[in-house]
Amino acid sequence: MHELAPMARFGGLLATDLRDVTDDPEALSSRGWWAVAARYDGGLVCARFGEVRPAPVPAPGRWRGPATGSWHTSLDRDAYTAGVRRIRAHIAAGEVYQANLCRVLSAEVGPDADIDALTAHLARGNPAPHAGTIRLPRHGVEIATASPELYLRRTGETVESGPIKGTAPTAGELLPKDHAENVMIVDLVRNDLGRVCAPGSVTVPELCVTEKHPGLVHLVSTVRGRLAPGAGWPELLEHTFPPGSVTGAPKSSALAVIDALETAPRGPYCGGVGWVDADRGTGTLAVAIRTFWIDRPAVGPPQLRFGTGAGITWDSDPDHEWRETELKAARLLAVAAG
């Protein structure tokens with residue numbers, strides 16, 4: 001497995017010739033082109049590549065994925081709906097306004113599984129605006145994302161986030177709860193960016209815009225600001241991570257609720273994944289949703305993992321939220337089956 005060369009793909013670019021790997025976010029303000037993977041539950045990997053060139057995603061071929069019926073979930077339907085009811089109790093007690101409850105799906109894959117081969121299927125079966133791949137087997141990073149959600153985009157001193165909250169099969173099936181959920185998270189993202197942006201510079205150019213993605217629709221908002229003098233990637237990650245859309249509000253209380261209810265680590269799921277060009281002062285990190293990753297335990301076969309979840313508010317119906325997690329997963333698991 002370790003014979004597979006390190007690489008990354010984002011935005012029509014292929015990065016090869018690995019030069020450096022670090023967990024220091026200050027490196028993103030140094031020089032070169034970096035692939036970035038930040039785990040939701042801790043751990044940052046920044047990989048600098050020496051060669052970056054335009055390259056199309058290869059045609060599907062080498063990937064052999066798990067059958068759609070072979071996945072195991074960290075929370076079954078009963079456990080998940082019980083978790084939704086528990087979050088509603090926390091909301092009734094005034095402890096949180098919203099919390100994102102997730103489950104992790106796992107299925108066995110072969111020892112020669114190549115995450116970049118899965119990328120070829122995702123690019124055709126579930127195209128996404130923030131799709132990408134990072135393959136660093138020796139550093140425990142094998143990620144393929146079909147994320148629709150912008151976590152952070154930086155162009156010079158301008159920074160932007162695109163939180164998603166509100167999901168349905170069609171625009172006509174979006175509920176008032178979806179709009180309320182989006183507005184709550186926009187407020188959280190505004191506050192997060194306000195900690196690292198110049199006073200008065202944080203705005204919301206777009207609120208609750210309906211976007212169509214493969215198999216579903218989302219409500220998407222845009223939050224934008226201008227970095228305060230001296231602020232950069234370390235400060236951005238410190239004050240905005242984990243992304244608000246996959247935690248809840250207030251963030252600190254939601255994180256505690258999530259930790260008590262979820263039974264499997266999220267790993268890279270719900271973290272940040274993307275690229276930074278330190279030479280040009282640009283970069284884009286996606287929220288690592290609609291994301292697959294390979295775990296290779298010391299004992300036992302490699303596991304392909306995929307996360308799915310939903311934002312829970314007082315108006316949430318437990319069975320509806322379970323169905324939302326299935327909706328988000330169904331198309332991607334079919335694509336991963338090859």
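**Exercise 1. The nonpolar cores**

Which residues have the most contacts inside the largest nonpolar core, and how many residues does that core have?

*Solution.* The structure is a predicted model.

Step 1. The largest nonpolar core has 52 residues. Those with the most contacts inside this core are Ala8, Val36, Phe49, Ile134, Leu193 and Leu236.

Step 2. Strand 3 (residues 33–38) supplies the largest share of this core, namely six residues.

Step 3. A second core of 22 residues is separate and includes Trp63, Ala128, Ala144 and Ile294.

Step 4. Val36 may be examined in detail. Leaving aside residues up to four places away in sequence, Val36 touches Leu28, Leu44, Val45, Cys46, Ile134, Gly272, Val273, Gly274, Val276 and Leu285.

**Exercise 2. Salt bridges**

Determine how many salt bridges the structure holds, and describe the pairs formed by Arg9 with Asp116, by Glu181 with Lys165 and by Asp277 with Arg280.

*Solution.* As background, side chains of opposite charge can pair when their charged atoms come close.

Step 1. The total is 21 salt bridges.

Step 2. In the pair of Arg9 and Asp116, the closest N and O atoms are 2.8 Å apart. Because Arg9 belongs to strand 1 (residues 7–10) and Asp116 to helix 2 (residues 115–125), this pair ties together parts that are 107 residues apart in sequence. Both Arg9 and Asp116 are buried.

Step 3. Glu181 and Lys165 form a salt bridge through their side chains, with an N to O distance of 3.7 Å. Distant parts of the chain are linked here, since Glu181 is in helix 3 (residues 176–194) and Lys165 in strand 11 (residues 164–168), 16 residues apart. Glu181 and Lys165 are both buried.

Step 4. For Asp277 and Arg280, the closest N and O atoms of the salt bridge are 2.9 Å apart. Asp277 has 9% relative accessibility and therefore counts as buried, whereas Arg280 is exposed, with a relative accessible area of 64%.

Step 5. Through salt bridges that share partners, Lys165, Lys177, Glu181 and Glu321 are joined into one network.

**Exercise 3. Two helices and their cover**

Establish which residues of helix 5 are buried, why these residues line one face of the helix, and how many residues of helix 2 are buried.

*Solution.*

Step 1. Helix 5 (residues 251–261) has the buried residues Lys251, Ala254, Val257 and Ile258.

Step 2. Viewed down the axis of helix 5, its buried residues fall within an arc of 120°, so they line one face of the helix.

Step 3. The face of helix 5 turned away from its buried side carries Ser252, Asp259 and Ala260, which are exposed.

Step 4. The cover over the buried residues of helix 5 includes helix 1 (77–92), strand 6 (98–108), helix 3, helix 4 (233–240) and strand 14 (248–249).

Step 5. Helix 2 is mostly covered, with nine of its 11 residues buried. These are Ile115, Asp116, Ala117, Leu118, Thr119, Ala120, His121, Leu122 and Gly125.

Step 6. The buried residues of helix 2 pack against strand 1, strand 7 (130–136), strand 8 (141–147), strand 17 (291–295), strand 18 (303–312) and helix 6 (318–336).

**Exercise 4. A surface patch**

Identify the residues that make a nonpolar surface patch of about 210 Å², and state where Val204 lies.

*Solution.*

Step 1. The patch is made by Val183, Val204 and Leu207.

Step 2. Val204 lies in strand 12 (residues 203–213). With a relative accessible area of 30%, Val204 is partly exposed.

**Exercise 5. Two loop residues**

Is Ser201 buried or exposed, and what does Ser201 touch? Describe Ala264 in a similar way, starting from its place in a loop.

*Solution.*

Step 1. Ser201 is found in the loop between helix 3 and strand 12. Its relative accessible area is 12%, under the 20% cut-off, so Ser201 is buried.

Step 2. Ser201 touches Arg224, Gly225 and Arg226, if residues up to four places away in sequence are not counted. From Ser201 to Thr158, 43 residues away in sequence, the C-alpha to C-alpha distance is 9.6 Å.

Step 3. Ala264 occupies the loop between helix 5 and strand 15 (272–277). At 23% relative accessibility, Ala264 counts as partly exposed.

Step 4. With residues up to four places away in sequence not counted, Ala264 touches Ser74 and Val104. The C-alpha atoms of Ala264 and Leu216 are separated by 26 Å, the two residues being 48 residues apart along the chain.

Notes: Residues numbered from 1 in each chain as written. Predicted model: local features only at pLDDT ≥ 70, side-chain atom pairs only at ≥ 80, totals over all residues. Heavy atoms only, no water. Salt bridge = Lys/Arg side-chain N within 4 Å of Asp/Glu carboxyl O. Helix = DSSP H or I, 4+ residues; strand = E, 2+ residues; numbered from the N terminus. Buried < 20%, exposed > 50% of the residue type's maximum accessible area, 1.4 Å probe, protein only. Patch = residues over 30% accessible without salt bridge, like charges linked within 9 Å, V, L, I, M, F, W, Y side chains within 5 Å. Areas by Shrake-Rupley, 256 points an atom, 1.4 Å probe, with all protein chains shown as cover. Core = buried A, V, L, I, M, F, W, Y, C linked by side-chain atoms within 4.5 Å. Contact = heavy atoms within 4.5 Å. Arc of directions from axis to C-beta.
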